[in-house]
Amino acid sequence: MNFQKKLKYWYLKYTPDSFIKFFRKNKPKSVDFLLHKINSYFFDENSGHGEYRKILEVVKILNPKQKIFVDIGASDGLNSSCTYPFAKSKEWDGLSIEYDEKKFNKMKFLYKNFQNTKVLNSKITPTNVSKIFTDNKIPKNFTFLNIDIDSYDLEVINSILESGYSPDIISMEINEKIPPPIYFSVIFDENHSWEGDHFYGCSISAANSIVSSYDYGIYELIYNNILFLNKTKFKDIDFHDEFSAYESGYLDKPDRRKLFSYNEDVECLQKMNSNEAVIFLNKYFKKYEGRYKINVVKD
């Protein structure tokens, strides 16, 4: 148990519940920011199920002369972040974007002394992302793109790549509960926001269908985050197909049902054939009818 976890353990064990509830409700914003800063000193490099570590591994293989990242859906810039170490590094230039104002303000406070990272409070859509990249002088070829907006992520990725941007490495959150070969993707709607349920993002088959068409290959699936590598930059890499990536990166993980316990009500998808799964999902997402694409990807 690291120091941060020990501190939290003793705080929760010996502090009265009434005080904890009162403090959480009434603590000043300055205290919240200070605690966020303190937490940054104990950043876990295995954050996001080890995603940062895996990205760092790939960056070392590439060894780029100029290191530039863009993080879309950067949250508070720390928790479950795979770009925080890059943001504070003098070797990297970056743009961290977050739409939620509360999360953005915590990130802005934490990043205020980071010389090479810009922060932006903006909603990213397929219609504005190219202009935002242009306005912030993001080069067409940059090192690393991360996206996690819990909605129409796939359409945003497609818009970026269609506009001629070609990052070396792409990490994107997928809707891990939907197995291949099912193509599922939320359709862009300006008024859409995640409601905290299973309706978000896209399946691994949908992600691979679009991103691979721009000459990218699957390097690895890390539970619910998929890493794509630009094949023109990584010529000696053995890439995965979506089925093997899904099995090794999510399905066969011994701790996945514990980590993703909230997926139990749709675990049945793993035992269905593709047509059965599509029928199930159409019923399950009945209230979202017309707001998503779904089909079975054919070879």
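Buried, in these notes, means under 20% relative accessible area. The model I am working from is predicted.

**Entry: A277**

I looked up A277 first. A277 has a relative accessible area of 1%, so I log the residue as buried. A277 sits in helix α12, which spans residues 274-284. I then asked which residues A277 touches, leaving out those up to four places away in sequence. They are I182, L269 and M272. I also took a distance to D148. From C-alpha to C-alpha, A277 and D148 are 25 Å apart, with their positions 129 residues apart in sequence.

**Entry: nonpolar cores**

Next I turned to the cores. The largest nonpolar core holds 68 residues. I noted the members with the most contacts inside that core: I72, F133, L145, V156, M172 and F228. A second core of 15 residues is separate, and F199, L269, Y288 and V296 are among its members. L269 is also one of the residues that A277 touches. For background, nonpolar side chains tend to be buried together in soluble globular proteins.

I followed F228 further. Neighbours within four places in sequence were set aside. F228 is then in contact with D168, I169, I170 and M172. The list goes on with A207, N208, V211, Y216, G217 and I218.

**Entry: salt bridges**

How many salt bridges does a search of the whole structure find? I count 11. Side chains of opposite charge can pair when their charged atoms come close. I went through several of the pairs.

K67 and E91 form a salt bridge, and their closest N and O atoms are 3.2 Å apart. K67 belongs to strand β1 (residues 67-72), while E91 is in the loop between α5 (84-88) and β2 (92-98), so this pair ties together parts 24 residues apart in sequence. Are the two partners buried or exposed? K67 counts as buried, at 18% relative accessibility. E91 is exposed, at 55%.

K233 pairs with D168, where the closest N and O atoms are 2.7 Å apart. K233 lies in the loop between β8 (225-230) and α10 (242-251), and D168 in the loop between α8 (153-162) and β5 (169-173). The bridge therefore ties together parts that are 65 residues apart in sequence. K233 is partly exposed, with a relative accessible area of 41%. D168 is buried at 5%. I had already met D168 as a contact of F228.

K286 and E289 also meet through their side chains in a salt bridge, at 3.3 Å from N to O. K286 counts as exposed, at 55% relative accessibility. E289 is exposed as well, at 57%. I also found a network: K54, E57 and E220 are joined by salt bridges that share partners.

**Entry: α3 against α6**

Last, I checked a helix pair. Helix α3 covers residues 29-40 and helix α6 covers residues 101-111. Their axes come within 10 Å and cross at roughly 60°. That angle makes α3 oblique to α6. Which hand does the crossing of α3 and α6 have, left or right? I record it as right-handed. On the α3 side, the contact is made by D32, F33, L34, H36, K37 and S40. On the α6 side, N105, K106, F109 and L110 take part.

Notes
Residues are numbered from 1 along each chain as its sequence is written. This is a predicted model: local features need pLDDT of at least 70, side-chain atom pairs count only at pLDDT 80 or more; totals for chains, interfaces and linings use all residues. Side-chain values use heavy atoms; hydrogens and water are left out. A nonpolar core is a set of buried Ala, Val, Leu, Ile, Met, Phe, Trp, Tyr and Cys residues joined through side-chain atoms within 4.5 Å. Buried means under 20% relative accessible area, exposed over 50%, partly exposed in between (1.4 Å probe, protein chains only). Contact means heavy atoms within 4.5 Å. A salt bridge is a side-chain nitrogen of Lys or Arg within 4 Å of a carboxyl oxygen of Asp or Glu. Helices (H or I, at least four residues) and strands (E, at least two) are DSSP runs, numbered from the N terminus. Axes are lines fitted to C-alpha atoms, for helices over the stretch in contact, and angles run from 0 to 180 degrees between N-to-C directions. Angles under 35 degrees count as roughly parallel, over 145 as roughly antiparallel, 65 to 115 as roughly perpendicular and the rest as oblique. A crossing is left-handed if the near helix is turned anticlockwise from the far one by less than a right angle, and right-handed if clockwise.
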